[in-house]
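Visitor: I am new to this structure and would love a close look at a single part of it. Could you walk me through one sheet and then show me some of the charged contacts?

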Amino acid sequence: MRVEIQCEDRIGMVREALDLFIPHGIDMRLVEVDTKRRCIYCGFPDIPFPKLQQLLADIRRLESVEDVKTVMFTPSEREHNAIYTLLEALPDGVMSVDLKGHITMATELAAEDLNVSVADLLHQPLQHFIKGVNVAKEIWANPREGMTKRIRIRNKMLLLEMKPIFVSDDDGVTNPAGTVIYLKSKTRLDRQAASLKQAPDAEAHFEAYFKPSVIKSESMREALTQAKVFADVSMPLLVQGEVGTGKRDLIDALFQYWNKRQGELEAQLIVRNARDIERSDIASLDQMSGWLVIEDIEYLDKNVQIELAHWLARQPGTGTSLDSNLRIISTSALSQSQLANGKTLHSGLYFSLATLVLSVPALRDRREDLEGLAQQVISTQAERYRLPVASLSKPALIKLALYTWPGNLKELQNTCLQTLLTATNREWAADDIHLPEVNNGKAVTMILQQNSLEKTVKQWEAELLKQLYPSYPSTRRLAKAVGMSHSAIANKLKEYDIKI
């Protein structure tokens with residue numbers, strides 16, 4: 001429990017306030033004085049409410065006390081936690097060492113670099129964990145300048161930066177108070193540099209949300225072209241695509257692209273699931289500004305469908321994005337024919353929502369993007385979970401390309417995360433990636449053809465090349481992917497009648 005006492009700044013004020021805690025038998029845990037706010041903060045274990053009421057009444061009767069109330073935390077506690085939260089958000093590990101060389105604070109990432117827990121680090125000599133740093137006791141006690149040193153821990157190279165801490169006294173004299181240590185790794189530095197290079201493009205171009213390596217497929221390029229055209233009009237938009245195709249990510253990028261072009265600073269991207277929308281929500285649409293995204297539109301209540309259809313009927317039929325304050329964006333994993341059958345959605349509502357339709361292709365229809373998508377997912381997840389970024393071997397890429405991905409991008413993300421957490425190799429082999437044993441939706445079986453092993457192998461080879469060719473749509477790219485010469489692949493494509 002914390003109590004804030006607002007009072008005049010006078011000699012003896014703190015003593016008088018603290019004396020009142022003694023008759024109540026309160027064990028004081030924290031006392032803090034903030035002269036700028038003219039407040040005294042007292043911290044102690046929770047006490048019964050009647051006792052608290054009596055204590056606050058006694059404090060109010062003190063001379064110079066202006067107000068007293070309970071608070072959740074003191075200013076120094078808030079500042080301490082804000083700084084610690086900031087340090088934890090940094091991309092590298094941070095520690096603090098006192099004048100004796102003992103660790104007084106450490107972030108989770110610093111503890112991970114040293115292969116111990118934060119609890120095991122605290123109050124222990126730094127040299128117990130970093131053998132390559134030999135600092136004399138007199139330097140710890142009186143640090144005057146920083147130091148940079150490369151160290152190796154668990155076969156990992158780290159850059160250690162030390163900066164002294166100074167605290168000024170009432171006369172303005174700075175006194176040493178310890179050292180801050182920053183642990184940097186080459187992997188994390190490279191990752192930060194790569195993110196910095198990408199930042200300007202992310203601000204300027206809609207396509208930057210989808211790097212060139214992940215929009216090689218004709219289907220995705222066509223979807224993005226349509227998306228840009230649809231961005232600047234206010235008519236309702238239906239975004240359709242199978243489960244996990246990234247409909248929400250596309251809408252987020254499209255909204256930012258539109259918002260920057262239009263300069264609608266107050267416009268918001270509001271996302272609601274159709275299951276949570278009630279009839280009363282439709283009446284408030286006129287007060288909204290921006291884009292309202294209704295996810296899984298097929299689950300909208302029948303009565304709400306009618307209300308929404310009436311609201312849409314009252315809106316302008318055509319125009320620019322400046323004609324209306326709110327644009328309706330709906331999403332669905334169902335096909336257009338399923339939505340338009342009159343059973344899933346009210347017919348009038350469907351045709352109003354589907355004024356414009358944007359189809360997000362399934363992952364099996366954009367196999368050319370698979371390598372770039374996988375590497376993008378790996379980089380993002382490695383950054384989030386602070387793991388080394390892995391690469392994909394050719395056999396691993398072939399295994400990914402042969403899979404049908406019924407869960408689309410979501411399944412790819414799950415697969416990459418599982419592999420990232422379990423694989424020990426920096427370059428993933430095919431065996432590192434665990435996928436269901438299916439091939440184009442059918443179980444993989446091998447049947448001996450005409451009692452001939454040679455003919456059986458040729459048939460299997462022909463099927464494999466047919467499946468690989470859409471992902472590597474040229475003889476040179478396919479040859480490079482499977483590690484064969486260009487002429488050999490050209491001959492096999494001709495032999496198996498695979499059209500180029």
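Guide: Happily! In this predicted model, let us start with an open sheet of 5 strands, which run in the order 6-5-9-8-7 and pair in the antiparallel sense. At its edges stand strand 6 (103-106) and strand 7 (147-153); each has a single partner strand, so one side of each is left without a neighbour in the sheet. On average, neighbouring strands here are turned by 25° against each other, direction ignored. Now follow strand 7 to its partner: with strand 8 (residues 156-168) there is antiparallel pairing over 7 bridges. One place to look is Arg152, whose bridge partner in strand 8 is Met157.

Next, the charged contacts. The model has 19 salt bridges. One of them joins Glu77 and Arg2, with the closest N and O atoms 2.8 Å apart. Because Glu77 lies in helix 3 (residues 75-89) and Arg2 in strand 1 (residues 2-7), this pair ties together parts that are 75 residues apart in sequence. Another joins Arg38 to Glu66, where the closest N and O atoms are 2.4 Å apart. Arg38 sits in the loop between strand 2 (30-34) and strand 3 (39-43), while Glu66 belongs to strand 4 (residues 65-71), so parts 28 residues apart in sequence are tied together. Arg38 counts as partly exposed at 33% relative accessibility, and Glu66 counts as partly exposed at 45%.

Finally, find Glu218 and Arg221, which form a salt bridge; being 3 residues apart in helix 8 (residues 218-231), they are separated by about one helical turn.

Key: Residues are numbered from 1 along each chain as its sequence is written. This is a predicted model: local features need pLDDT of at least 70, side-chain atom pairs count only at pLDDT 80 or more; totals for chains, interfaces and linings use all residues. Side-chain values use heavy atoms; hydrogens and water are left out. Two strands pair if DSSP finds at least two bridges between them. Helices (H or I, at least four residues) and strands (E, at least two) are DSSP runs, numbered from the N terminus. Axes are lines fitted to C-alpha atoms, for helices over the stretch in contact, and angles run from 0 to 180 degrees between N-to-C directions. A salt bridge is a side-chain nitrogen of Lys or Arg within 4 Å of a carboxyl oxygen of Asp or Glu. Buried means under 20% relative accessible area, exposed over 50%, partly exposed in between (1.4 Å probe, protein chains only).
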